[in-house]
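Please load the model in your viewer and keep the selection tool at hand. We will go from one stop to the next, with a note on what to select and what is there.

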Amino acid sequence: MNVYACSCSSPPVMARFLQRSLSLRTALRHLSPQRTFSSSSSSSSSSSAAAVRRSSLDLHSLFPPSTVSSWQFGVCCRKLHSGTDVSRPSPAAAPDRLPFSSITQEDLTFFREILPGRTITDPDLLESSNVDWLKSVRGSSEVLLRPQTTEEVSQILKYCNSRSLAVSPQGGNTGLVGGSVPVHDEVILSTALMNNITTFDSISGILTCQAGCVLENLSLYLEDRDYIMPLDLGAKGSCHIGGNVATNAGGLRLLRYGSLHGTVLGLEVVLADGRVLDCLATLRKDNTGYDLKQLFIGSEGTLGVITAVSILCPRKPPSVNVVFLGCETFEQLLKTFQLSRGMLGEILSAFEFLDSECMRLLNTHLKLPNPISDCPFYVVIETSGSDPTHDGEKLHNFLEKAMTSSMVTDGTVATEDSKIKALWSMRERVTEALTHDGFNYKYDISLPVERIYQLVTDMREHLGGRAKSVVGYGHVGDGNLHLNITSPAKDPALLASIEPFVYEWTARCHGSISAEHGLGLKKRNYIYYSKPRPAVALMGDIKTLLDPKGILNPYKTLPDDLK
């Protein structure tokens, strides 16, 4: 096992841990002569391949019999839809424009009066706000508004509601389902200038800030005060906390700190008619009436515009380790996850995976070297705690058990910040690597943990050679698969083969078609695969109650048949 560690700065416990790891490798070679482990202590990429005999797995020892019977032979909940009609518009396509008003010179005059110098109409400056991050959705908005205060947002929405002008709220524009850009000519309301931190309580760890604060800036602010944000995303350098809340973003720390439904304590929201809903509480417990803020978490800007957030932040752990491991089969990966839950316990903060196809794209497009020998599957495990000695002992015992049980074939450990970031980049930059591989079809699926990779396998078999790449990665800790399919160019026939196959497969496995990205424009009409019709109808009733004219982020989240 290769170890990423700085000998001059590692605490004594890690030095003892490294020495014990060397002894462990010697013991492993004695116990398992057919298995070769990398023994380099440098931080460079290992070039020797692990000679590993693929071990069999008794599924009945890991999962209940009821789950095994439906998963054997790769037929988990499989239903091939008959044929594909590429002449019909995709349910993900943009619908016709609804009868909203169009921007006039009088409208622009009003906006310029309340937002002097912050009413943008230059087409060149509007371009980046009209196109989503994947460059798959392009709107035609003629005006971008950049308010700085809640009062300005209130004035904008009150006016737009009176004029029946549709509005597209926009944060960092990092969304992946077309939810953050206009579909037609909606007014773009950007929170980019609403980026002030209001208060931070160093005793309770409660942060209150405006919605336009960039996640990474909040993280840096908190780190200086020995705290961290409860969520961490690959897009942290550009995404806004308001957008994170509006989409109920999950990210890499959900396994440890839970979802935003739990860590967000309060919200300030401007409703469609300009009314300001001040639920910006900073209390851990408040059981007076309905918890209205929960309506807006994950509502994707369709019920109101989030202008401020109060969020509970955990203390910065003084002891952090990251392990990058290789597994020969996904069954071994699942056993490793099960083992980590039991042996690492309270210090386990992340358990992520990527497959060999992801590694190939990282190598090819981003020139990131594999830090260990080639394996079919890779795992990123993070531990965080308060006692380096305690954490080091637990990590060592876990790794010893994982290797002697033949669950992992190679790995590397990082304790130094720069090396930790290098290992995390192997997981966080997969999305970036995919953008260089062609046109992307992205699916954010939630499934029972034992089934998440079977969808990748079945999709590869279903598509055959029609796709350029079919890759899987994601959050094993919360059963969230990121299935990505690429083609040289946008291909309607390929899309018709993917959808609704992927949604039928997910529904029959009792999964969700959106784990953390939201529905946006692209998935709005597939909502029935995850929610029953009475529930969707009730969502429509709530939308009508809070936004009777439907001006807030139209064409998103809810299906067309509700309109």
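The tour starts with the whole chain, then visits two sheets, an enclosed strand and some aromatic rings.

**Before you select anything**

This is a predicted model, in which local features need pLDDT of at least 70 and side-chain atom pairs count only at pLDDT 80 or more, while totals for chains, interfaces and linings use all residues. Residues are numbered from 1 along each chain as its sequence is written, and side-chain values use heavy atoms, with hydrogens and water left out.

**Stop 1: the whole chain**

Colour by pLDDT, the predictor's confidence in each residue on a scale from 0 to 100. The chain has a mean pLDDT of 86, with 84% of its residues at 70 or more. Now select residues 3-84, where pLDDT stays under 50. For this stretch the model has 151 contacts beyond four places in sequence, a contact being heavy atoms within 4.5 Å. Where pLDDT is low, the predicted coordinates should not be read in detail.

Switch to a cartoon view and you can look for 20 helices and 17 strands. Both are DSSP runs numbered from the N terminus: helices are H or I with at least four residues, strands are E with at least two. Of the 563 residues in the chain, 55% are buried. Buried here means under 20% relative accessible area, exposed means over 50%, and partly exposed lies in between, using a 1.4 Å probe and protein chains only. Among contacts between residues at least 6 apart in sequence, 77% join residues at least 24 apart.

**Stop 2: the four-stranded sheet**

Select β2, β3, β5 and β4, which in that order form an open sheet with mixed pairing. Two strands pair if DSSP finds at least two bridges between them. The edges are β2 (119-120) and β4 (167-170), each pairing on one side only. Next pick β3 (residues 144-145) and β5 (residues 187-190): they run parallel and are joined by 2 bridges. Within β5, L189 is the bridge partner of L145.

Add helix α6 (residues 150-163), which lies across β3, β4 and β5 and runs at about 165° to β5. Such angles run from 0 to 180 degrees between N-to-C directions, with axes as lines fitted to C-alpha atoms, for helices over the stretch in contact.

**Stop 3: along α6 to the five-stranded sheet**

Click on E151, which is in helix α6. Is E151 buried, partly exposed or exposed? Its relative accessibility is 48%, so E151 counts as partly exposed. Draw a distance from its C-alpha atom to that of V276: the two are separated by 8.4 Å, although they lie 125 residues apart along the chain.

Now show the open sheet of 5 strands, ordered β6-β7-β10-β8-β9 with antiparallel pairing. At its edges stand β6 (197-201) and β9 (276-279); each has a single partner strand, so one side of each is left without a neighbour in the sheet. Neighbouring strands here are turned by 10° against each other on average, direction ignored. Helix α6 packs on this sheet too, touching β8 (264-270), β9 and β10, and its direction makes about 45° with that of β8. For one pairing in detail, select β7 (residues 206-210) and β10 (residues 305-312), which are antiparallel over 5 bridges. L312 in β10 is the bridge partner of I206.

**Stop 4: an enclosed strand**

Select β14 (residues 410-414). Because 5 of its 5 residues are buried, the strand is largely enclosed by the rest of the structure. D410, T412 and A414 point one way, while G411 and V413 point the other way. Strand β11 (residues 319-327) runs antiparallel to β14, joined by 5 bridges; V323 has V413 as its bridge partner in β14.

**Stop 5: aromatic rings**

The structure holds 18 aromatic pairs. Rings of Phe, Tyr and Trp (its six-membered ring) pair if their centres lie within 6.5 Å; planes under 30 degrees apart count as stacked, over 60 as edge-to-face and the rest as tilted.

Select F330 and Y453, a stacked pair at 5.3 Å centre to centre with 25° between the planes. F330 is in helix α12 (residues 330-343) and Y453 is in the loop between β15 (439-446) and α17 (454-463), 123 residues apart. Add F377, which makes an edge-to-face pair with Y453 at 4.8 Å and 85°. F377 belongs to strand β13 (residues 377-385), 76 residues from Y453. F377 counts as buried at 8% relative accessibility, and Y453 is buried at 7%. Ring pairs link F330, F353, F377 and Y453 into a cluster.
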